[in-house]
Structures are given as structure tokens and as C-alpha cells.
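Trainee: I'd like to take a close look at one part of this protein and see how it sits among its surroundings. Could you walk me through it?

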Amino acid sequence: MHALPEPERHVIATAWAFRYRVELDAALRFARLGERLETLAAPEALVSLARRATSDEQRHAALCEELALAYGHLALPEPPAAVAEVAPVGLPLRQQVLYELVAACCITETESAAVLTTLNAADTEPRVRQVLHDLLRDEVAHSRLGWAYLAREHDAGEVAWLGRHIPFMLEGSISPTLFAAGTPAEESPMLQRHGVLPHANKRATFVRTLEEVVFPGLERFGVPTAPARQWMAQRQTAPA
């Protein structure tokens, strides 16, 4: 696990440390969503799935912490006390919950599952393979929570208002450097063996998942994707 050039090792350690923080944030987010779904009298199956996702993400954080430390990361952040609201101020609670579930599950968790699927198909270190398999199994279920709630809200009323917000959700789901050129270490083929996609592969996976999964799914449930497609086109053509 440690026979790596220092630049590549640093990229891998940083990636697992970033995942650690993302998983901690997700645990708090799902805990809050579970409470709000219960307040809205959502079906018990969805409330239970949100609660299960909370414990899943706590377990994921511990796994990511383990690998970050194994690859030499020294300064993992303290667990956050709370997680920021993502929905625009002023939305009614029902729309806040729909917004957050679409952002967190239909977009972020779906994208995460796509990355993990690609990594699970690679030849990885044994312990990394175990962790990736665990993460993928749960992220698929978390993604389904968002799609199930969107389907329910589509059947109950109007969801087209979400269309204009999707670009903001996408912007919030990516690294600021995703559409910039990667460094040589970030593009190293060595990364994949240790659970990290090379930068160009990560970007290609993000775009492909939007085009093949996220956008068609949103359209199926009545959410217009023209603003999001315009956002993606601008991101792909903007100077690095």
C-alpha cells in the first residue's frame, strides 16, 4: 500500500481524507432529512431509509479515515457539529426536503455510485477493494431514496420548479477544479489501484453519469434539464 511515489501517495491520502469529511457531513444531512421526512408524514419506508443512511455514512467515515491514515494523512478534521442547509431560503419545508434529497441523492449519491462502480471494476489493493464494495452497496441505496421521493412528489404535484435549481446543485456537488487540467500526480494510472480515479477519468465519469442517468431520471419525473445541460456545456467549454 505504501510503495508509491510521494506525489501520488499525497493525492490518494488527500482523496480518502476528503471522503471522510463528505461522509461525516452526509451522516448529519441524512439524520436531519429523516426527522423532516417524519414531520411531513412521508412513508415509513423512506424515513427508515434515511435513518439507515445516517448509520451507513458514519460507518463509511470510519472506513475512509482508516485509509486516509494508512496512506499517511496526518490532520483529519474534527467531526462537524452541524451541516449547512442547501435549499434556498424561503422555500416551504416540503420543497426544502425535495430540493435537498434531489441534490444529495439523485445527484451526489448517484454520481458517487458511478465513481465507485468504476473503481470496483479495477484491480485494487485488497483492503481498498473491501472498502469500495461496502461504500458502493450503500450509496446505491442512498441514491434510490432521492429518486423514490422525487417520484412521490411528482405524483403528488408540481416539481418542474426544480429545473432552474439543478445547476446550483451540480455546482455544489463538484470540486472547483473538476473541469480544470489535473496535475501529473492527479492523472497517474497508479491512483486507481488505491481507490482514486485519475482526474480526467473522474471528470468523464461525472459527465457521463449526468447524461446517461441523472438527466434522463429528472426528465422522467417532470424536472426540466435544459438549464442543467446549459451549465454543463458552459463548464466543458470554459477556459481552465
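Trainee: Where is the place of threonine 124?

Mentor: Happy to help, and keep in mind that this is a predicted model. Threonine 124 lies in the loop that runs between α3 and α4. With a relative accessible area of 1%, threonine 124 falls under the 20% cut-off and therefore counts as buried. If we set aside residues up to four places away in sequence, threonine 124 touches Leu119, Arg129, Leu132, Gln192 and Arg193.

Now look at the helix on one side of that loop. α3 has 28 residues, and 20 of them are buried, so this helix is mostly covered. From its first C-alpha to its last, α3 reaches 37 Å, close to the 40 Å expected at 1.5 Å a residue. Look along α3 and you will find a kink of about 30°, centred on valine 102.

From here we can move to α6, since α3 is among the elements that cover the buried residues of α6. The others named in that cover include α4, α5 and α7 (226–237). The buried residues of α6 are His199, Thr205, Phe206, Val207, Thr209, Leu210, Val214, Phe215, Gly217 and Leu218. A general point helps when you read such a list: an α-helix has 3.6 residues a turn, so residues three or four places apart point the same way.

Threonine 209 is a good residue to pick out in helix α6. At 6% relative accessibility, threonine 209 is buried because that value is under 20%. Apart from neighbours within four places in sequence, threonine 209 is in contact with Thr110, Glu111, Ala114 and Val214. The C-alpha atoms of threonine 209 and phenylalanine 221 are separated by 17 Å, and these two residues are 12 places apart along the chain.

The overall form of α6 can be checked too. Its 22 residues should span 32 Å at 1.5 Å a residue, and its end C-alpha atoms are 31 Å apart, so the two values agree. There is a bend in α6 of about 45° at leucine 210, and leucine 210 is also one of the buried residues of this helix. Just after α6, glycine 222 takes a positive phi of about 85°.

Another positive phi is found at alanine 41, at about 60°, although this residue is not a glycine. In general, most residues other than glycine have a negative phi. Alanine 41 is in the loop between α1 and α2 (44–70), and its relative accessible area of 59% makes it exposed.

Finally, let's see where several of these helices come together. The largest pocket has a volume of about 1,500 Å³. It is lined by 44 residues, and the closest to its centre are Phe18, Val22, Ser173, Ile174 and Ser175. The elements that give two or more residues to this lining are α1 (6–39), α3 (93–120), α4 (126–156), α5 (166–173) and α6 (199–220). Of these, α1 gives the most, with 13 residues. Sorted by class, the lining has 23 nonpolar, nine polar and 12 charged residues.

So, to return to your starting point, threonine 124 sits in the loop between α3 and α4, and both of these helices give residues to the lining of the largest pocket.

Conventions:
Residues numbered from 1 in each chain as written. Predicted model: local features only at pLDDT ≥ 70, side-chain atom pairs only at ≥ 80, totals over all residues. Heavy atoms only, no water. 1 Å grid on protein atoms, 1.4 Å probe; cavity = no way out; pocket = protein on both sides within 12 Å on 5 of 7 lines; lining within 4 Å. Points joined across faces, edges and corners; volume = space filled by probe spheres on them. Helix = DSSP H or I, 4+ residues; strand = E, 2+ residues; numbered from the N terminus. Nonpolar A, V, L, I, M, F, W, Y, C, P; charged D, E, K, R; others polar. Expected span 1.5 Å × (residues − 1). Bend = angle between axes of the 7 residues up to and from the residue. Buried < 20%, exposed > 50% of the residue type's maximum accessible area, 1.4 Å probe, protein only. Contact = heavy atoms within 4.5 Å.
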